[in-house]
Amino acid sequence: MRTRTVRRRRLPFTTGRKAAAAAVARPSRAEPSHATMGVRPRLPPRQGQGGGEDLGGGSSCQEGMRGAGLCWEGAGRQSSYWEGRGWGKVGCAGAVDALSPATPSPQKIALQLKATLENVTNLRPLGEDFRWYLKMKCGNCGEISEKWQYIRLMDTVALKGGRGSASMVQKCKLCARENSIEILSSTIKSYNAEDNEKFKTIVEFECRGLEPIDFQPQAGFAAEGVESGTVFSDINLQEKDWTDYDEKAQESVGIYEVTHQFVKC
């Protein structure tokens, strides 16, 4: 009687280094990659590129995107549009590196007044509650306020991050950047008889993103008679002209043809 030998089929398996290599190559379901999640990896910035990121350590931004598995056709193109509007540099495939507008740098702007004075001098804004009526422009996107806005010395608003204070802090409705403007009290000067029909700086503003483009003088000015010293308070220059009578000097007084201009310091 013959004995039949049955051979069992062995299942393939790997051991040693091959098994370890296979385990490393096999992606883990519990830890998805950045490419599968659509999340941009946070890597250290390249040298000389400011806030730019080297995605994957490539010699160029496009190579870095390929190394991170995030590159697609058209990557590597740069756009100067957002950079010119105060935003961060646009990197590969139009992705903006900085997600918020750049912090505005301070700029001093002077308000100069010119008028014709008749028998009065020392024309000045009166008190810390004097209202400077201005129209503002956002230095980031160019948005201009439709209505007159006033700022006063007595008003103080804290800036974010403990960066000091300002007379007004305003968030732009168009680009959402936080801008501010401050009255520099030490620069407030009077307009005198010797300044007649000449432009003279009467105040300076420290502007961080808010640029004054128009000024409307209203009530709150004061002046004095040239000879008598009579004080005229609550002068309203909204109509660009003002007249009164100095009883002590027995003569008419007035302020005419009031105009203004802004000058960057």
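## Cysteines without disulfides

Start with the cysteines: this is a predicted model, and its disulfide count comes to zero. Cysteine 172 is in no disulfide, and the nearest cysteine sulfur, at 3.5 Å, belongs to cysteine 141. A pair of sulfurs has to lie within 2.5 Å to count, so a gap of 3.5 Å between cysteine 172 and cysteine 141 doesn't qualify. Cysteine 172 is also tucked away: its relative accessibility is 11%, so it counts as buried.

Cysteine 175 tells a similar story. For cysteine 175, the nearest cysteine sulfur is that of cysteine 172, 3.7 Å away, and again there is no disulfide. The cut-off of 2.5 Å rules this pair out too, because 3.7 Å lies over it. With a relative accessibility of 11%, cysteine 175 counts as buried.

## Salt bridges

As a bit of background, side chains of opposite charge can pair when their charged atoms come close. How many salt bridges does the structure hold? The count is five. One of them pairs glutamate 178 with lysine 160, at 3.8 Å from N to O. This one ties together distant parts of the chain, with the two positions 18 residues apart. Glutamate 178 sits in strand 8 (residues 178-184), while lysine 160 is in the loop that runs between strand 5 (157-158) and strand 6 (165-166). Are these two partners buried or exposed? Glutamate 178 is partly exposed, at 27% relative accessible area, whereas lysine 160, at 58%, counts as exposed.

Also among the five are two bridges whose partners are under cover. Aspartate 195 and lysine 200 meet at 3.0 Å, N to O, and both of those residues are buried. Arginine 208 and glutamate 206 join side chains at 3.1 Å, N to O. Arginine 208 has a relative accessibility of 17% and counts as buried; glutamate 206 is buried as well, with a relative accessible area of 17%.

## A three-stranded sheet

Now for a sheet. Three strands make up an open sheet, ordered 2-11-12 and paired antiparallel. Which strands stand at the edges? They are strand 2 (120-125) and strand 12 (231-235). Each of these has a single partner strand, so one side of each goes without a neighbour in the sheet. On average, neighbouring strands in this sheet are turned by 20° against each other, if you ignore direction.

Look a bit closer at strand 2. Four bridges join it to strand 11 (residues 221-225), and the two run antiparallel. Arginine 124 is placed opposite alanine 222 of strand 11. Although strand 2 stands at an edge of the sheet, it is mostly covered: six of its six residues are buried.

## Two positive phi values

Most residues other than glycine have a negative phi. Two residues here go the other way. Glutamine 250 has a phi near 55°, which is positive, and it isn't a glycine. Where does glutamine 250 lie? Its place is the loop between strand 13 (242-246) and strand 14 (251-264). Glutamine 250 counts as exposed, at 62% relative accessibility.

The other residue is glutamate 257, also not a glycine, whose phi is positive and near 50°. Glutamate 257 is found in strand 14, rather than in a loop like the one that holds glutamine 250. At 61% relative accessibility, glutamate 257 counts as exposed.

## The whole chain

Stepping back, the protein chain has four helices and 14 strands. Of its 265 residues, 35% are buried. Among contacts with a separation of 6 or more, 53% come from residues that are 24 or more positions apart.

As for the outside, the accessible surface of the protein chain is about 17,200 Å². Carbon and sulfur atoms account for 48% of that surface.

Notes. Residues are numbered from 1 along each chain as its sequence is written. This is a predicted model: local features need pLDDT of at least 70, side-chain atom pairs count only at pLDDT 80 or more; totals for chains, interfaces and linings use all residues. Side-chain values use heavy atoms; hydrogens and water are left out. Two strands pair if DSSP finds at least two bridges between them. Axes are lines fitted to C-alpha atoms, for helices over the stretch in contact, and angles run from 0 to 180 degrees between N-to-C directions. Buried means under 20% relative accessible area, exposed over 50%, partly exposed in between (1.4 Å probe, protein chains only). A salt bridge is a side-chain nitrogen of Lys or Arg within 4 Å of a carboxyl oxygen of Asp or Glu. Contact means heavy atoms within 4.5 Å. Accessible areas come from the Shrake-Rupley method with a 1.4 Å probe; for residues, only the protein chains shown count as cover.
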